[in-house]
Amino acid sequence: MTGWTVAPDAGRVEQPRCGHLDQAPAEEPPAAARGCAECLAAGGSWVHLRKCLVCGHVGCCDSSPGQHAWSHADTTGHALARSVEKGEDWACCYPDSLFLRPEPS
């Protein structure tokens with residue numbers, strides 16, 4: 001994958017921009033854990049997993065009790081995370097509240 005772009009939003013006349021896309025390195029970092037790092041350490045559970053596109057930290061989604069992916073973004077300033085769920089190919093920017101899609105090849 002070469003990068004990410006903001007997903008089109010049909011509900012807006014002017015398409016939003018993400019001011020954090022430059023945080024993603026040219027090569028995506030490997031996942032730092034097989035599950036949510038914080039949930040694994042605490043013996044907790046999660047609904048879905050998200051991987052930080054900056055450092056590879058794996059945290060649980062906003063529907064999970066711990067919301068550790070969002071917490072990681074908030075405490076580190078790492079704005080971008082992608083879904084690591086099978087069959088899902090999207091990412092998000094937490095501070096800009098935007099969905100991202102892979103750049104077309």
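Which residues line the largest pocket? The legends below take that view first and then move on to other parts of this predicted model.

**View 1. The largest pocket and its lining.** Welcome to the pocket, which holds about 200 Å³ of space. Its lining is made up of Arg50, Cys61, Asp62, Ser63, Trp70, Trp90, Cys92, Cys93, Tyr94, Ser97, Leu98 and Phe99. By class, these residues come out as eight nonpolar, two polar and two charged. At least two lining residues come from each of strand E5 (91-93) and strand E6 (98-102).

**View 2. Strand E2, covered on both faces.** In a regular strand, side chains point alternately to one face of the sheet and the other. In E2 (residues 49-52), Leu49 and Lys51 lie on one side, while Arg50 and Cys52 lie on the other. Buried or exposed, what are these four residues? All of them are buried, on both sides of the strand. Arg50 also belongs to the lining of the largest pocket.

**View 3. The two strand partners of E2.** Strand E3 (residues 58-60) runs antiparallel to E2, and three bridges join the two. Here Leu49 has Cys60 of E3 as its bridge partner. Five residues separate the strands of this hairpin, and Gly56 adopts a positive phi near 90 degrees. Strand E4 (residues 80-83) also pairs with E2 in the antiparallel sense, again over three bridges. For Lys51, the bridge partner in E4 is Arg82.

**View 4. Ser64 in its loop.** Look for Ser64 between E3 and helix H2 (68-76). Why does Ser64 count as buried? Its relative accessibility is 2%, and buried means under 20%. Leaving aside residues up to four places away in sequence, Ser64 touches Trp46, Val47 and His48.

**View 5. The largest nonpolar core.** Ten is the size to keep in mind here: the core has 10 residues, namely Trp4, Val6, Cys18, Leu53, Ala79, Leu80, Ala91, Cys93, Leu98 and Leu100. Strand E1 (4-6), E5 and E6 are the elements that each give two or more residues to this core. Another core, of six residues, lies apart from the largest one, and Ala73, Ala81, Cys92 and Tyr94 are among its members.

**View 6. Cys93, shared by core and pocket.** Cys93 is a member of the largest nonpolar core, and Cys93 also lines the largest pocket. With residues up to four places away in sequence not counted, Cys93 touches Cys18, His20, Ala79, Leu80, Leu98 and Leu100. Leu98 likewise appears both in the core and in the pocket lining.

Notes:
Residues numbered from 1 in each chain as written. Predicted model: local features only at pLDDT ≥ 70, side-chain atom pairs only at ≥ 80, totals over all residues. Heavy atoms only, no water. Buried < 20%, exposed > 50% of the residue type's maximum accessible area, 1.4 Å probe, protein only. Pairing = 2+ DSSP bridges. Contact = heavy atoms within 4.5 Å. 1 Å grid on protein atoms, 1.4 Å probe; cavity = no way out; pocket = protein on both sides within 12 Å on 5 of 7 lines; lining within 4 Å. Points joined across faces, edges and corners; volume = space filled by probe spheres on them. Nonpolar A, V, L, I, M, F, W, Y, C, P; charged D, E, K, R; others polar. Core = buried A, V, L, I, M, F, W, Y, C linked by side-chain atoms within 4.5 Å.
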